[in-house]
Structures are given as structure tokens and as C-alpha cells.
Amino acid sequence: MNTTPSPVRAARASLAAASVAMALALGAAQAAPAAPATAAAALPSDSIYHLPIVLTGQDGRAARLDERRGAPLLLGMFYTSCKFVCPMLIETIRDVEAKLSAEEREHLNVVLVSIDPEHDSVEVLKRTVDERRIDGARWTLARTDAASVRKLAAVLGIQYRALPDGEFNHTTAVILVDGDGRIAARTTRLGNAEAAFVKRVRAVALAAGR
Amino acid sequence: MGATTLRRTRASGLAAALLAALAGSASAADYVTVPAGTLASAIAGDARAAPVPVEAFSMRVTPVSKGEFRRFVESRPEWQRGRIAQTFADAGYLHDWRDATTVGDPATESQPVVNVSWFAAEAYCEGEGGRLPTWNEWEYVAAADATRRDARADPAWRARILAWYSTSARAALPAVGGAADVYGVRDVHGVVWEWVDDFNALLVDADSRSGDDPDKLKFCGAGAINLQDRENYAVLMRIALLSSLNAADSTTSLGFRCVRPLAKDPR
């Protein structure tokens, strides 16, 4: 990711150091110019990206959750064989997106994680993406191991329980996460997306675009 | 339930604590095999295909002690008080300790660790090659007394457990290593509440709902769980406690123990 030759980097670093010194000397309240993007700031303590789990998307690509850092997300948990609520979860997120401008939408990704990793293989996820005509560029239908599902649900405050007939009870929620992995808003209303939630999504997406 | 029951329970708890103290602290991670069986679940959602089968597993004899947890945070600083991410623990995490790596009075090291979040408990168990028990596994073991695998129908047994639930949480915790149940597991009742792996599966939801078909809208599949066995108040209390918690929460009377899969048959 960092292709800058080191002398240049060193020069930048000393420049940054110099400006910090100047800012201090002047007693300026204004922060020094932002460090190069490669110097990642520490994660906020309440970030979901502390969770060391790996998600595999419908394209078969496995990636650590914290690789999502930088772009805001709409997160949800679902399972593909769910007939009623889970399709509505997808429609709800589509409704949120329909209420955004193209520019706001561009900064936003969608990740839906299966609570049924036993049945929701990569193939099943891929089929669901195709069948539901989901934009696979910005949307990821993902799976992970059962222990990681439980942890992610715990972080997101989602309850779920396997039933003997193969169905699941689960909280249906769409959760907005900002670029640093902080939960910024959540909605449990399905169908016509809540106006207050859409407003938060817009604000977080715009902040990410700056 | 009378005051006599309460007194007797306290007395036997004290005796158990003394015995444990005499026997010295339980060795770091003793596990015993809990054979497979079935659980008549207290939760109606499970009981449609009841009873629930429970596979054999290996369970820690005692809850994790403060001393054991101290050694864990010494080797894994990211789980120390003051360093742990807010995502994984609330402000009460290990607040009863003297500092991040000191429990306090050495005598307290053999008490069960409390004020731990679900995330920290899960991480500890992973360090022992296991995980937290599921609700079914824990309840399966909790149904036993010293001689029976399922003592739950016995009113005297129920009364004994409820007697502990009705005592104040302010009393100092006893050391781990009380009397063994039929499996050889200790301190399931009468010392601390315990986390379970799927604590967030107990869908007793208090949110007010709106819409045409509220149950269906909120949860896939059926609605929130129904309770099957209304006489078993102890189970009700455990469900009420666990379902009220978030995974980062910690309380002064909530600890944990771990389970492991049974070693595979070498054949």
C-alpha cells in the first residue's frame, strides 16, 4: 500500500515534525497538517474493528473485518433460507440507498453476515447475490465460522437462536458503522427506512467523502 | 421458604468453603467428562422437538478463579483493566482488583473471578482450548445434584437453589471448589452466576413493537421464546439475568467456566 520512496517519506515526516513544532511554538489551537494517510491512527476504543474475525464474501475472498476500515458500512445479519424477514432486510437497505445521492452512496458499503454458516456456503451466497440482483461491487454477503458469528452478533447487539426446524430466531437490524468502526446508528424498522436513520447514514457517508 | 432453609444453606456453603481451603486451591484447569444425554429444556421454542439432545463434552470442574484470570491477563495485556477496548468491556471490568495485574489480598485469588465481560470470558476459554458452555450444556449440568443427573423435579432441590438466589450478593465470595455434583463438577449453584456462550440467544425481548405482525417482523422464524417450566424460578432468573446483558457488561456476581470438546478417539 505504501509505495512512497523512503527519502520522500523521511522528508515528509520531518516536515510534519517541523510544523508540529511550529504549531506548538505559536501555541496555535489548530492541529498540525494531517500526517500521510499511511500513518493509521489508533482505533477508537469502541470500534468494532477490534474484533479479530475473518469474513468470506460471495466472491470467495477472505478478509479480516478490520480491512473494512476507512469506508462506512451498513451491517446486518441474516440467513439465506429465511423466507420472510431477511428479504425485507435487503429491501430495507435498498430503500436507505435509494434515499441517498449517488455521491453519498458511493462512500457506503453493505455487509450482510450469515448466522447460518453451516448452510450458507460461498456458493449459496453467490447464488443469492445473483438471484436478488445485488450490486456485488459494494455489497458483500459474507460467512464466517460459528464462534465468529457469535462474537460479531455480540458486538452488534444482535440476538439469534437456532431452532430445531432449521430456522433461526434473530433480531433484524441494520447497523450503521462509521469509517473507524464505531456504531453510529441502528434501525429495526423494516420496509420504508426510518428518516432519522437515513439522515445519520447521509451524514456519515458525507464525512467519509471529505 | 423459611429462614431455616436459608441458614442451613449458608452453613453448608461455609463448610464447603472451609473444606476447599483445607484441600488447597483446585489445580489450574481440571476438566471432567459430562456424558451425552437429553435436556428437557425450559424454553418452549426448543421443546417442539424436545427433549434437546446434548452431546458429551468436557467441563471445567470449577469456575475460573481470580488467580487464574490474573495469570491470563498477565500474558495477554490487551485484556487488562485499563487496556481493554471499550468494545469488549464496560467500566466495571475487574474493578474489584487492586490494579490491572493484582487481585489484592492473596486470599481472594482462589475466589471465582467476577466483573468479567462475555468477550473476556470467551477469550480466556479459548486460551484453555475451549469455549464457554452453551446454555443447554450449562443447564444440563445445572440440573444435577450430588446423586442425580436431573434433580429438577425435586422441590427440596429447587428450594435450596432459590435460597442462594435470595441471599445478598454483598457477602464475600467463597473459594472455588465446593461439593461435587454427580459429574464431579463443582460450584454450579451457590457461588456466582455464569456466562454462557449463547447468552444472546435467549430472545426474551422487552422492546415495544409496532406493525402488523410484530413477532414476525422482529424475528425470523418464530417469536420470542416461551417458558415451558414456570415452576422452575431458578431457570427463569437465569434467563432474566443473561438476556438482560450485553456482551461487554460485567457484574459483581457473574463469573464463568469453560468447556472443551472431548478428546477424539485415537483410533
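The exercises below, each with a worked solution, concern a predicted model.

**Exercise 1. Confidence in chain A**

Find where confidence in chain A is lowest and where it is highest, and decide how the residues at the start of the chain should be read.

*Solution.* Begin with the chain as a whole: the mean pLDDT of chain A is 83, and 81% of its residues reach 70 or more. Next, turn to the individual elements, where confidence is lowest in helix H1 (residues 6–26) of chain A, at a mean of 42, and highest in strand S1 (residues 54–56) of chain A, at 98. Then look at residues 1–39 of chain A, over which pLDDT stays under 50 and for which the model has 13 contacts beyond four places in sequence. Finally, apply the general caution that predicted coordinates should not be read in detail where pLDDT is low.

**Exercise 2. The sheet of chain A**

Work out the strand order of the 5-stranded open sheet in chain A, and state which helices pack on this sheet.

*Solution.* The order is S5-S4-S3-S8-S9, and the pairing is mixed. At the edges stand strand S5 (139–142) and strand S9 (183–187) of chain A, each of which pairs on one side only. Neighbouring strands of this sheet are turned by 20 degrees against each other on average, with direction ignored. Within the sheet, strand S3 (residues 73–78) and strand S4 (residues 109–114) of chain A pair in the parallel sense over 6 bridges, and A:Leu75 stands opposite A:Val111 in S4(A). Helix H2 (residues 85–98) of chain A packs on the sheet by touching S3, S4 and strand S8 (174–177) of chain A, and its direction makes about 170 degrees with that of S3(A). Helix H6 (residues 195–209) of chain A also packs on the sheet, where it touches S8 and S9 of chain A, and its direction makes about 155 degrees with that of S9(A).

**Exercise 3. A sheet of chain B**

Trace the open sheet of 3 strands in chain B and identify its edge strands.

*Solution.* The order is S1-S4-S7, with antiparallel pairing. The edge strands are S1 (31–34) and S7 (259–260) of chain B, since each pairs on one side only. S1(B) and strand S4 (residues 57–60) of chain B pair in the antiparallel sense over 4 bridges, and B:Tyr31 stands opposite B:Arg60 in S4(B).

**Exercise 4. The largest nonpolar core**

Name the residues with the most contacts inside the largest nonpolar core, and follow B:Val141 to its contacts.

*Solution.* The core has 98 residues, and those with the most contacts inside it are A:Leu74, A:Ala153, B:Val116, B:Ala121 and B:Val141. Leaving aside neighbours within four places in sequence, B:Val141 is in contact with B:Val34, B:Met59, B:Tyr183, B:Val185 and B:Val188.

How values were computed: Residues numbered from 1 in each chain as written. Chains lettered and ligands numbered in written order. Predicted model: local features only at pLDDT ≥ 70, side-chain atom pairs only at ≥ 80, totals over all residues. Core = buried A, V, L, I, M, F, W, Y, C linked by C-beta atoms within 7 Å. Buried ≥ 20, exposed ≤ 12 C-beta atoms within 10 Å, placed from the backbone. Contact = placed C-beta atoms within 7 Å. Pairing = 2+ DSSP bridges. Helix = DSSP H or I, 4+ residues; strand = E, 2+ residues; numbered from the N terminus. Axes fitted to C-alpha atoms, helices over the stretch in contact; angles between N-to-C directions. pLDDT = per-residue confidence, 0-100.
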